[in-house]
Amino acid sequence: MKFLNNSMIWSLILCAGLVVSCKDDDEPGIPGGLALDKTEIAIGPEGGTERVQVTSSTNWVSSVSAPWVSVSPANGFGSVASVLTVDSTLENTARTLEVRYTPQGQQPQTLTVTQFGFGKQILIKEAEVELESSANYDERVVDVTIQTNVQFRIDMDNIGYSFEEGDPTGDDAAEAETQRTGWIDLERNQSETPVGDDLLDRGARPRTVKVRFRWEMNTVPYTRVAKIDLLPLGLDGDETLVDADGNPIDKVTLTVTQTAAPKIEDNRAGDSLAIIMICEKAQTMVSYSSAENMRNWDGVTLWERTDEVDGEQVPSEWVGRVRSVSFMGPNIQEGESFPRELRYLKYLETLSIASNTNRQTREMHLGDELLELKHLKELSISSYGLIDLPEDFKKLGGEVDDSYAGLEALTLSSNNFENLSDFTGIITKENFPKLEYLDLSGCRRTDALSDLSTISGFEYNGTPIGLRSNISTDSNEKQALIDLLTWEKLRYLSLSYGFMQGSLPTDEEMVAALQAAGQKPYYDADDFFAGKNPARDDWWNKVSKDTCQWLLSEKEVSITLNGEEITAKGTEIPRVLPFNRAFSINLNFLTGPLPKWLLFHPYLAEWNPGQMIFNQQEKGKTSDGVTVGFDGVGQSPYDFDYTYYYGNKQPAATTEKPGDCDPSIDPGYSDRDPGVAYPLYYYRYVNAAGANDPDYHGAGGNQ
């Protein structure tokens, strides 16, 4: 039969397709169709043979660029051991050729053969390298291939640094000089690093060495140059290092040139460029375009002509410059600093840096890029990985250097500090006299730990745990906490979600600490304001006399805390954080009694104590295996009701029929303004026994 019907033709096509498919599946994918197990060979003057493993999914053929090397077999298919035979040489210097393995229909793969002569040489495959000014962390490396037949070292201690344009001049000269040196280094985790006394000593046997250098981004508008010398070692008698022409030399030099960074001007355009470069270098979640007006950038606020600074109109040179900026989700690696372009945002008032990638595993430090922002008032560095603060960080407080505005709010939450005292030695009320907001919460490096008896030192399963403070046994950590509690000006203090354990400082300890700090140990009449419409400063810096004047009373009152009676006099309540509106120490590992300075604090109701004070780590245990929780509270902190009620309304918690106060139950109701919200504890034990107490107007015994 001379013709095939259609069905048979299609059947043959499908079979052919299956055969091809099976063939493709049998052969693993090889990039470029061919792979070599090595790309560099170094051999001595005597010559010899070298084996190269060739793997290919198709036919290939080899060729050489000079006759002193032969290849056998010269062609093949699939996986083949190719043997290179190198002739001997009488030359004093090295010679090089290329062997090309070309797969059918595709680009060749190249193998370089270097044969050293009888002279001693160090050959750098690319002796001059050019770098960009910036790149992502993983790309900020340069790999250098070195072939040699002599012992050598890389002289990293005497790198020749310079600027291609010459010595910097002008306003940026000082900054440029700080960036001239130290921007390139060997990657120290290499197994064979010929640097210093760690010598790569293989005698005269030729070998190939691959060395990786890591470089830092250029932040100055000058081209940086680094000259790195490779020095021969162990030469005998009349041996000398020679160059490619056989001339004696002392060393071989690798020259690395880095492109200049864009120049950032001191103007609005400079602010725009600085933010764009920061986002690019830090690999933040949000990036910006210079084609869009900066006023429309998310997370960026500019100074307006109508703004005020310390009660005065903003200076004209500030108008249009960046006032606040937020950098979310950067990827700053361990050992790096935040991009130095931050320093150019010179009129910045508010800065937020949050959520560094893998922050729990990274140990980060701050550089000096942040410390030049003299107008900064609000700073938030959260979930970044900080393990310490630089000594000069105190300059941001405005006391050490009065040219700084002084921070008013500082957030260092979710970082990797190990001790509370790590930052209380720098962040003090003396160094930061204007600071009112301080957040040190969430400094855990693990969320899985609930039993501190299972840790060793500062580690859990070999991993650092984060902020671990035993305020009962470690005097430094206890003093660090006391230092914070005697910071009278703080209106917000959060120490939540850490590994703090022990008992809170006692009333006696806090009285002694307050006296040592030169502060009043107890409340007095100057701490209170009266009336319904206080001035803003009075409301912020004093306590309402309407609700908390019992703190001036000599009348002893008592409350019952889970069956235990606690008695106190208003005049004996330590004056701890007297005007603090938000204090939290929840989700730690605290135990022991609740001190009166906390239980009778005038703003306890606003602190939401059931959740933000009493509530400790669920099922947590201390390093001694003790179940966490305060005495009388334990694991049930929600039995307390410190909410508000209005003056002439009897709280539902104390009567079956809420409504107007019954004088027979609450004879002190007449003292209260029906439009004023009172904390529930006021009803319970402050003003429940009578309005005509001779000891103090409005104070009374317990109900």
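Let's start with strands β24 and β25. β24 covers residues 350-354, and β25 covers residues 378-382. They pair in the parallel sense, over five bridges. One pair to look for: leucine 351 has leucine 379 in β25 as its bridge partner. Keep in mind that this is a predicted model.

Now zoom out to the sheet around them. It is an open sheet of eight strands, with mixed pairing. The order is β20-β23-β24-β25-β26-β27-β31-β37. Which strands stand at the edges? They are β20, residues 300-302, and β37, residues 582-584. Each has a single partner strand, so one side of each is left without a neighbour in the sheet. On average, neighbouring strands here are turned by 5° against each other, direction ignored.

Next, the helix on this sheet. Helix α3, residues 268-282, packs on it and touches β20 and β23. Its direction makes about 10° with that of β23, residues 322-328. How far does α3 reach from its first C-alpha to its last? The span is 21 Å for 15 residues, close to the 21 Å expected at 1.5 Å a residue.

Is α3 enclosed or open? Buried here means under 20% relative accessible area. By that cut-off 11 of the 15 residues of α3 are buried, so the helix is largely enclosed by the rest of the structure. Among them are Ile275, Ile276, Met277 and Ile278. Asp271 and Lys281 are on the buried list too. The buried residues of α3 pack against β20 and β23.

Look at the two ends of α3. At the start, a side-chain oxygen of asparagine 267 comes to within 3.2 Å of the backbone nitrogen of alanine 269. Just after the helix, glutamine 283 has a positive phi of about 55°.

On to another set of strands. β1, residues 34-36, runs antiparallel to β3, residues 48-56, and three bridges join them. Leucine 34 has serine 56 in β3 as its bridge partner. β3 also runs antiparallel to β7, residues 80-86, this time with seven bridges. There, valine 54 stands opposite valine 80 of β7.

Last stop: glycine 518. Where does glycine 518 sit? In the loop between α6, residues 507-516, and β33, residues 528-529. Buried or exposed? The relative accessibility of glycine 518 is 67%, so this residue counts as exposed; the cut-off for that is over 50%. Glycine 518 and threonine 486 are 32 residues apart in sequence. In space, C-alpha to C-alpha, glycine 518 and threonine 486 are 9.9 Å apart.

How values were computed: Residues numbered from 1 in each chain as written. Predicted model: local features only at pLDDT ≥ 70, side-chain atom pairs only at ≥ 80, totals over all residues. Heavy atoms only, no water. Pairing = 2+ DSSP bridges. Helix = DSSP H or I, 4+ residues; strand = E, 2+ residues; numbered from the N terminus. Axes fitted to C-alpha atoms, helices over the stretch in contact; angles between N-to-C directions. Contact = heavy atoms within 4.5 Å. Expected span 1.5 Å × (residues − 1). Buried < 20%, exposed > 50% of the residue type's maximum accessible area, 1.4 Å probe, protein only. Polar contact = N/O pair within 3.5 Å; in protein donor to acceptor, adjacent residues only side chain to side chain.
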